[in-house]
Amino acid sequence: MTPANGAVLEVVPETIELRFNDGMRLTKVEMTHAETHTEALDLGAQSGFVKEFSLPLTPMGPGMYHIEWRGLGVDGHPMNGVFSFEVK
């Protein structure tokens, strides 16, 4: 994933990148900024299971960004994960 979990950045990235070893169909990705504002990220028009996603990120200024994702693996089982980064 980009930015990496725990990264400290100078500016808010325009996108976040999620990469998986096997195909994935994302069902939900949420961004929480500074533990106060949560919004769903635009998943775009997914068509099938893919290994890489680039999702636009709304810049909310300095602070902690917490990303939580959910999806389905190619074998149909649910998967999820979280990562965070900070913008100074």
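Two strands count as paired if DSSP finds at least two bridges between them. That rule underlies the stops below, which are set in a predicted model.

**Stop 1: strand 2 and strand 4**

Select strand 2, residues 15-33, and then strand 4, residues 50-56. Six bridges pair these two strands in the antiparallel sense. Within this pairing, glutamate 17 of strand 2 stands opposite serine 54 in strand 4.

Stay on strand 4 and select lysine 51. Is lysine 51 buried, exposed or partly exposed? Its relative accessible area is 47%, so lysine 51 is partly exposed, since that class lies between the limits of 20% and 50%. Now add asparagine 21, which is 30 residues away from lysine 51 along the chain. The C-alpha atoms of lysine 51 and asparagine 21 are separated by 6.4 Å. The side chain of lysine 51 reaches the backbone oxygen of asparagine 21 at 3.4 Å. Setting aside residues up to four places away in sequence, lysine 51 touches Leu18, Arg19, Phe20, Asn21, Asp22 and Gly23.

**Stop 2: the turn from strand 2 to strand 3**

Follow strand 2 to its hairpin with strand 3, where three residues lie between the strands. In the turn, select alanine 34, which has a positive phi of about 50 degrees. Strand 3 covers residues 37-40 and runs antiparallel to strand 2, with four bridges joining them.

Next select threonine 32, which lies in strand 2. Which residue of strand 3 is the bridge partner of threonine 32? The partner is threonine 38. The side chains of threonine 32 and threonine 38 also make a polar contact, at 2.9 Å. Threonine 32 counts as buried because its relative accessibility is 19%, and the buried class is under 20%. Beyond its neighbours within four places in sequence, threonine 32 is in contact with His37, Thr38, Met64, Tyr65 and His66.

**Stop 3: strand 2 and strand 5**

Select strand 5, residues 63-73. Strand 5 pairs with strand 2 in the antiparallel sense over nine bridges. To find a facing pair here, select arginine 25 in strand 2 and leucine 72 in strand 5, which stand opposite each other.

Keep leucine 72 selected and add Phe49 and Val74. These three residues make a nonpolar surface patch of about 250 Å². Valine 74 lies in the loop between strand 5 and strand 6. At 53% relative accessibility, valine 74 counts as exposed, because that class begins over 50%.

**Stop 4: strand 5, strand 6 and strand 1**

From valine 74, move along the loop to glycine 76. The hairpin of strand 5 and strand 6 has four residues between the strands, and glycine 76 takes a positive phi near 95 degrees there. Strand 6 covers residues 78-87. Strand 5 and strand 6 run antiparallel and are joined by 10 bridges.

Finish on glutamate 86 in strand 6. What stands opposite glutamate 86 in the pairing of strand 5 with strand 6? Methionine 64 stands there. Now select strand 1, residues 8-9, which pairs with strand 6 in the parallel sense over two bridges. Valine 8 stands opposite glutamate 86 as well. Selecting methionine 64, glutamate 86 and valine 8 together shows glutamate 86 with methionine 64 opposite it and with valine 8 opposite it.

Methods
Residues are numbered from 1 along each chain as its sequence is written. This is a predicted model: local features need pLDDT of at least 70, side-chain atom pairs count only at pLDDT 80 or more; totals for chains, interfaces and linings use all residues. Side-chain values use heavy atoms; hydrogens and water are left out. Patches are made of residues with over 30% relative accessible area and no salt bridge: like charges are joined within 9 Å, nonpolar side chains (Val, Leu, Ile, Met, Phe, Trp, Tyr) within 5 Å. Accessible areas come from the Shrake-Rupley method with a 1.4 Å probe; for residues, only the protein chains shown count as cover. A salt bridge is a side-chain nitrogen of Lys or Arg within 4 Å of a carboxyl oxygen of Asp or Glu. Buried means under 20% relative accessible area, exposed over 50%, partly exposed in between (1.4 Å probe, protein chains only). A polar contact is a pair of N or O atoms within 3.5 Å; within protein, one must be able to donate a hydrogen and the other to accept it, and residues adjacent in sequence count only if both atoms are side-chain atoms. Contact means heavy atoms within 4.5 Å.
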